[in-house]
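User: I would like a close look at the empty space in this protein, followed outward into the parts of the chain around it. Please take it step by step.

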Amino acid sequence: MENDLRSMPTNTPCIMVIFGAAGDLTKRKLIPALYNLKKGDLLSDNFAVIGVARAELNDEEFRRRLRDDMKHFATDKVDEKVWKWLEERLYYFSGNFTDDQTFTRLRELLEKTDQERQAEGNYFFYLATAPEYFAPVVEKLGAIGLTREEDSHWRRVVIEKPFGRNLESAKKLNQEIKQVLNEDQIYRIDHYLGKETVQNILVFRFGNGIFEPIWNRRYIECVQITAAEKVGVEQRGGYYEGAGALRDMVPNHLLQLVTLTAMEPPISFDADAVRDEQAKILHAIQHPSPEEAAERVVRGQYDAGEIEGEKVPGYRSEPNVASDSTVETFVALKLLIDNWRWADVPFYLRTGKRLAARDTEIAIQFKRAPFMLFRNTPVERLSSNRLVLHIQPDEGISLRFGAKVPGPTVSIGAVDMDFDYEDYFGDTPSTGYERLLHDCMVGDATLFQRADQVEAGWSVVAPIQEAWKTAPPPDFPNYQAGSWGPKEADELLRRDGAEWEETQDVRQNRLR
């Protein structure tokens with residue numbers, strides 16, 4: 001497993017309870033992540049998993065299903081010895097999330113399993129359910145006494161996104177669950193923060209003397225954050241019709257990347273010290289007026305097109321999507337941060353489905369050097385230096401700078417210096433959830449959102465949501481699958497004399 005996990009305590013007895021254990025998240029991410037943790041010797045022998053769902057299964061059927069699923073979703077070849085260790089600690093419990101009797105019987109099973117596995121009363125509950133069950137499940141866990149911490153044991157609840165649909169619903173959800181739980185028991189998970197490069201942003205910024213002094217408005221022209229996907233909505237059309245790209249990606253994933261890129265140095269790596277600085281950035285982001293929102297935000301919806309030689313349907317032809325849907329599958333926006341470090345430096349964000357490449361990266365564009373030295377040379381213009389943090393699919397960092405092209409005249413060529421995690425540190429199979437699950441077990445909430453962060457994130461997009469209520473949507477669909485979104489997204493940057501950073505996937509294809 002990851003190097004920074006090896007120094008952490010691994011002997012944390014506990015039981016993980018997964019609500020929604022028959023769903024995709026469990027088989028695709030959670031169980032493979034637990035397998036990887038065990039393979040890295042990062043799970044206690046006093047560990048167990050109880051899966052809770054409506055489906056009528058027994059322990060053996062549950063284990064057999066997950067064993068078959070691991071053939072498809074394991075991040076590496078399955079070691080039978082490791083899998084057997086995990087498999088014999090998997091239990092299943094059939095119940096209804098709104099039924100009091102379900103929770104009474106669950107408590108009995110937990111007590112029995114706790115005695116068998118000697119988990120010392122430490123439980124964490126993972127809500128891999130539809131959002132409407134978040135508050136009711138927490139309420140019933142509290143009513144039955146399963147969230148009570150006493151006799152030195154701990155109880156924690158992990159909540160998947162989306163955490164609310166807007167600012168009002170996020171505040172309401174926070175109020176409801178905090179009637180049962182203390183803030184330090186709540187782990188609002190964002191799997192983007194399990195990525196190695198995302199975690200490395202703080203180390204890169206604050207652990208290298210050559211970058212921190214220039215990480216400000218004096219030297220940086222703009223920041224671009226891209227989260228592009230080649231896939232469409234697949235079988236999630238019903239969910240996406242109620243969400244859209246703005247709700248689905250911006251208040252959580254993209255704004256988390258903004259805060260880590262822009263925050264001031266924390267006084268320590270203590271969870272609240274880091275999150276305090278992230279919250280300050282969210283509060284410093286300008287809230288646009290309806291007129292400014294129209295100028296700074298672009299939305300799009302994909303039409304039929306072609307990706308890697310394969311024809312793909314438009315959004316309105318996807319399953320469970322209305323034939324006249326006005327839901328956006330792409331959003332690009334310009335943010336401004338009102339603080340001393342970032343005044344007047346635009347942060348450009350874009351995310352979308354059915355784009356030309358799968359790529360998530362943060363591009364830092366530095367200001368150009370003065371040109372006068374090259375006035376009487378063949379050089380026509382100086383290019384910007386760019387630092388790019390690649391988050392997925394290939395994690396790494398690249399730096400672009402100018403160098404003289406060999407020859408008798410002065411000519412400058414762009415050079416890319418690339419660092420790839422796999423090349424330097426070896427390939428570490430990961431789902432992105434390993435670090436987050438382990439942090440929950442050891443009580444480190446650094447990579448989880450606090451209530452004030454969630455609400456501050458929604459407050460950033462609230463003016464955009466309000467503006468969209470009154471402004472008619474564009475003439476959808478307005479971009480072809482396999483492209484980089486609507487032309488208005490390019491115009492958003494062109495007005496400021498900028499252009500989108502060429503993504504890693506595009507660069508590699510161009511150089512082949």
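How many nonpolar, polar and charged residues does the lining of the second largest pocket have by class?

Analyst: The model is a predicted one, and the mean pLDDT of its chain is 89, with 90% of the residues reaching 70 or more. By class, the lining of the second largest pocket has 10 nonpolar, three polar and six charged residues. That lining is made of 19 residues, and those that lie nearest the centre of the pocket are Pro131, Glu132, Pro162, Gly164 and Arg165. The volume of the second largest pocket is about 360 Å³. Three helices each supply at least two residues of its lining, namely H6 (134-143), H7 (167-177) and H9 (237-262), and H9 gives the most, with five residues.

Pro162 deserves a closer look in its own right. It sits in the loop between strand S5 (155-159) and helix H7, and the peptide bond that joins Lys161 to Pro162 is cis, with omega at about 5°. Pro162 is thus met twice here, once as a partner in that cis bond and once among the residues nearest the centre of the second largest pocket. On the other side of S5, the loop between H6 and S5 holds Asp151, whose phi is near 55°, a positive value in a residue other than glycine.

Lys161, the other partner in the cis bond, leads on to the enclosed space. There are four cavities of 30 Å³ or more, and the largest cavity holds about 120 Å³ of space. Its lining has 14 residues, of which Lys161, Phe163, Asn252, Gln449 and Val454 lie nearest its centre, and the elements that give two or more residues to this lining are H9 and helix H14 (451-470). By class, the lining of the largest cavity divides into seven nonpolar, three polar and four charged residues. H9 therefore appears in both places, since it is one of the helices that each supply at least two residues to the lining of the second largest pocket, and it is also named, by the DSSP runs that define the elements, for the lining of the largest cavity.

The second largest cavity holds about 60 Å³ of space, and it is lined by Gln286, Pro288, Arg296, Val297, Leu333, Lys334, Leu335, Leu336, Val460 and Ile464. Strand S12 (330-335) and H14 are the elements that give two or more residues to this lining, and S12 contributes the largest share, three residues. The residues here divide into seven nonpolar, one polar and two charged. H14 can be followed further along the chain, where the loop between H14 and strand S18 (479-480) contains Pro477; the peptide bond from Phe476 to Pro477 is also cis, with omega near -10°.

One helix contact may be added to the picture. Helix H2 (residues 24-39) packs with helix H13 (residues 434-442) at an angle of about 70°, the two axes being 9 Å apart, which makes H2 roughly perpendicular to H13. From H2, the residues Leu30, Pro32, Ala33, Leu34, Asn36 and Leu37 meet Glu434, Leu437, His438 and Met441 of H13, and by class this contact has seven nonpolar, two polar and one charged residues.

A note of caution applies to the start of the chain, where pLDDT stays under 50 over residues 1-8. For that stretch the model has 23 contacts beyond four places in sequence.

Key: Residues are numbered from 1 along each chain as its sequence is written. This is a predicted model: local features need pLDDT of at least 70, side-chain atom pairs count only at pLDDT 80 or more; totals for chains, interfaces and linings use all residues. Side-chain values use heavy atoms; hydrogens and water are left out. Axes are lines fitted to C-alpha atoms, for helices over the stretch in contact, and angles run from 0 to 180 degrees between N-to-C directions. Helices (H or I, at least four residues) and strands (E, at least two) are DSSP runs, numbered from the N terminus. Angles under 35 degrees count as roughly parallel, over 145 as roughly antiparallel, 65 to 115 as roughly perpendicular and the rest as oblique. Contact means heavy atoms within 4.5 Å. Ala, Val, Leu, Ile, Met, Phe, Trp, Tyr, Cys and Pro count as nonpolar, Asp, Glu, Lys and Arg as charged, and the others, Gly among them, as polar. pLDDT is the predictor's confidence in each residue, from 0 to 100. On a 1 Å grid over the protein atoms alone, a cavity is a set of points where a 1.4 Å probe fits but cannot get out, and a pocket is an open set with protein on both sides within 12 Å along at least five of seven lines; lining residues have an atom within 4 Å of a point. Grid points are joined across faces, edges and corners, and a volume is the space filled by probe spheres set on the points.
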